[in-house]
Each structure stands twice: as C-alpha cells, then as structure tokens.
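Student: I've got this one open and would like to poke around a bit. Can you walk me through it?

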Amino acid sequence: MPIGNGCDNFCSYCVVPYARGREVYRPAGEILDEVKDLVKQGYREIILIAQNVNSYKSEEPPLNFPLCKGENVSLLTKEGRFNFADLLNMVNQIPGDFWIRFFTSHPKDMSDQLIKVLAKCEKVCHQIHLPAQVGDDGVLKRMNRGYTVSDYVKLIKKIKNILNDQIPMANDQTNFKLQIPNSKQFSNFRLIPPEAKSTSLLRQAVWQLPVSITTDIIVGFPGETKKQFDRTAELMRRVKFDMAYIAKYSPRPGTSAFKLADNVSRKEKVKRAKQLDRILRQTALVNNKKYLGKTVEVLVESKTKAGEWFGKTATGKDIRFSADSEALKAGDFIKVKVTRAKEFCLSGAAAKKYKGVRFGN
Ligand code: SF4
C-alpha cells in the first residue's frame, strides 16, 4: 500500500528525487481507512511502502488520534505533524488478524520512538530493510547518505537490543506455559526491556523471533578503493544481514555522481559483488540456523507443484512446509516446526493452525 512518493534525500547516485519529485505523503486518515477496508476484505498482510517510509508525516492527524495515544506515541512532532511511528501504532490498533510490514527505511530517519513502537506493536513484523550502501565513511559522504558507518552500526545494535534479538527461543513454542524463564534466567537476558515484568510481556519476549535485518549495498561507486570496499565487507560480517541486495554501480544521467569517473572496472565490480555474496550466504545461514527446532508463525501464501506449502515468517523468511490439513489455504496463519535451514529458505512441518498475530495462541 503506497503511503507516499518521492524523496528529498538526493543521494548522489540516485535518480528518484528527479524522476518522482519531492516527498509527498497521503493523509493518515485516508491510509487508516484503506487498511481497515483491506482487513475487512480479508487481506492478511499490509505492506506500507514509500521511498523513504520512515520520514512519513501527515499534516492532518486522523480524527480519532487523541484517543489512541499510547506510551510510545509522540502525539505530534515538534512541527505539529503526525509521524510514521504514530501511523504504525494506529494501524496496529485496527482490529483483525493481519501482519504489517514496511519498506524502505532510511537509517537517518530511524527514530528511537519508531524502534520502540516496533517492539510494542504485535502486528508489526520484525523485519527491517535498512540500506547501508557501503561501509566506508568517505564513500558514504560522497554518496550523500547522511550517516557514518558508526551511526549505522549503533543503530543496528539499538534495534537488536530493543527488539530482544538475543532472547533465546524456547524449543517448542506451542507450549509456552512451560517456557517462561525463571527470574534468574531473565536476569541474564540483558536485552529484556525493564518494563517486561508482567506475565504477558514475559510470554511475548519468549515468543519473539530474532529481528531480521536486510540491506542494499552498492559496489564500485566512483573512486571506491580496494580498502574502502574491504570496509563494506567488514560491515557485512559485523551486522550479519539476513539478506542483502547487492548492486554494481552504474551511472544515472542527471545525478551528481554521473559527473564522476566510473573508474572501477566491470570485472572488479563483479568480483566485489561475489565476495559480498559469499559473506551474505554465511551470515544468512548462521541466522537461519537459529530457527532449527523452533516453532514459528507462518502466513501461508501458496501450495507448490510438489505438494508442499509455501509461506513467510514474521521475519520475512521464505519457508516451505508439509501439512496434512485439507482445509489449509493461502491467507491462513499456521505454526510450523522448522527442521531445515538453508541460506535463504527454511523448511519444516505444520504444527497447528492458529488464530491471530505473532503473539497469539
Ligand atoms: S537512494 Fe533512496 S533515499 Fe537516496 S535519493 Fe534514492 S530514493 Fe531517496
């Protein structure tokens, strides 16, 4: 569901601000009405999209906004606007069983308020696409990205901390009563938010999956040296992305980088992209192996020709699974026990159909 269009950022390699113009966003009330309507029609996954989704702002807060103030709602931004965290918070409050995803976020606009809203809102999937582009400050500056490598790494740490990435998942999440850790175990979970004292919050924490972080990377930006590229490889090893879309730089007429000499050879770009792809495969596999033996919630998408089912986890992982149920259909939520993990796909067997979103039972 598009919630806006255009971009104000003018990254030096990108044609979007020229092709689509400056950022324009839809009023919040209109978006909320459309989501309500889609949910009524039976849609199970709402994906909010914009070039720079987390810089969303609405000049007109929805009419019932004051009724929906929560602990992590900003009321309005300093400029008197309703922001993306506020919007997510309100979309999350729309009744119904559905998941919410959003793309694409800009690292410089990933506010603490937004991260806290992600942690709090049970329908918002813990999958964050956060383009890093490169891992070298000099190249980032020439790309006009508006952050440093250290800013990016700190942001990822903060996201992982707030979203409880390091909480171990219990072996069989279908029987959650047995899995609430005792207080001693909890004291070792340094990432548990201090407010997670009530039983329901403890349950939520046990049920959470590790947040999935995906990214975009560009190799061979004009003037990128081997050393600078090595820093991008290092960043990928440090962050351990679940997925990365790795592009080989190509000049776009009209952009400021178009005037720079495209001086990294095609052969070298291919070599660098392959190197990053190898790192990605290693980190994605390590991340996916964390799912082995766990039971995860899956939104069913289709049946494959081989008779298996295909769906997605709340963290955006593709998953194939076997299921006996004749009644299963696209749009159902189901619990699946993961028995195999590859770099970019999980597989398993259906455990049980269930009603609700990630933390339902
Ligand atoms: S790369 Fe993204 S943030 Fe940068 S100008 Fe293009 S659309 Fe905007």
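Tutor: Sure. Keep in mind that this is a predicted model. Let's begin with E297, whose side chain makes a polar contact with the side chain of K335 at 3.5 Å.

Student: Where does E297 sit, and is it buried or exposed?

Tutor: E297 is in strand β10, which covers residues 295-303. Its relative accessibility is 2%, so it counts as buried, the cut-off being under 20%.

Student: OK, another glutamate then. What does the side chain of E23 touch?

Tutor: Two side chains. E23 makes a polar contact with the side chain of S55 at 2.8 Å, and another with the side chain of N52 at 3.4 Å.

Student: Which part of the chain is E23 in?

Tutor: E23 belongs to the loop between α1 (16-19) and β2 (24-25).

Student: And why do you call E23 buried, if it's in a loop?

Tutor: Because the call rests on accessible area: E23 has a relative accessible area of 15%, and buried means under 20%.

Student: Switching to salt bridges. How many are there?

Tutor: The count comes to 19 salt bridges.

Student: Which residues are linked in a network?

Tutor: R26, E30 and E34 are linked in a network of salt bridges. Within it, the side chains of R26 and E34 meet at 2.6 Å, N to O. E34 is partly exposed, with 29% relative accessibility.

Student: What about K317, which residue does it pair with?

Tutor: K317 forms a salt bridge with D242, at 2.5 Å from N to O. That pair links distant parts of the chain, 75 residues apart. K317 is in the loop between β11 (309-313) and β12 (318-322), while D242 is in the loop between α9 and β9 (243-248).

Student: Are those two buried or exposed?

Tutor: Buried, both of them: K317 has a relative accessibility of 6%, and D242 has a relative accessible area of 8%.

Student: And R281, what's on the other end of its salt bridge?

Tutor: E343, with the closest N and O atoms 3.7 Å apart. This pair links distant parts of the chain too, with the two positions 62 residues apart in numbering. R281 is in helix α10, and E343 is in the loop between β13 (333-341) and β14 (346-353).

Student: How accessible are R281 and E343?

Tutor: R281 is partly exposed at 35% relative accessibility. E343 is partly exposed as well, at 26%.

Student: Staying with charges, which residues gather in the positive patch on the surface?

Tutor: The patch of positive charge is made by K248, R266, K274 and R278.

Student: Which element gives the largest share of it?

Tutor: Helix α10, residues 266-289, which contributes three residues. K274 lies in that helix. With a relative accessible area of 52%, K274 is exposed, because the cut-off for that is over 50%.

Student: Now backbone oddities. Which peptide bond is cis?

Tutor: The one from F103 to T104, with omega near -10 degrees. T104 is in the loop between β6 (99-103) and α4 (112-120).

Student: Why point that out?

Tutor: Because most peptide bonds are trans, and most residues other than glycine have a negative phi.

Student: So what's the phi of F10?

Tutor: About 50 degrees, a positive value, although F10 is not a glycine. F10 is in the loop between β1 (4-5) and α1, and it counts as partly exposed at 26% relative accessibility.

Student: And what's the phi of Q133?

Tutor: Near 70 degrees, again positive in a residue other than glycine. Q133 is in the loop between β7 (127-129) and α5 (137-143). Q133 is buried, with a relative accessible area of 7%.

Student: One last thing: how far is M236 from A132?

Tutor: They are 104 residues apart in sequence, and 9.4 Å apart in space from C-alpha to C-alpha. M236 is in helix α9, residues 226-239. At 1% relative accessibility, M236 counts as buried.

Conventions: Residues numbered from 1 in each chain as written. Predicted model: local features only at pLDDT ≥ 70, side-chain atom pairs only at ≥ 80, totals over all residues. Heavy atoms only, no water. Patch = residues over 30% accessible without salt bridge, like charges linked within 9 Å, V, L, I, M, F, W, Y side chains within 5 Å. Areas by Shrake-Rupley, 256 points an atom, 1.4 Å probe, with all protein chains shown as cover. Salt bridge = Lys/Arg side-chain N within 4 Å of Asp/Glu carboxyl O. Lys, Arg positive; Asp, Glu negative; His and termini not counted. Charge placed at Lys NZ, Arg CZ, Asp CG, Glu CD. Helix = DSSP H or I, 4+ residues; strand = E, 2+ residues; numbered from the N terminus. Buried < 20%, exposed > 50% of the residue type's maximum accessible area, 1.4 Å probe, protein only. Polar contact = N/O pair within 3.5 Å; in protein donor to acceptor, adjacent residues only side chain to side chain.
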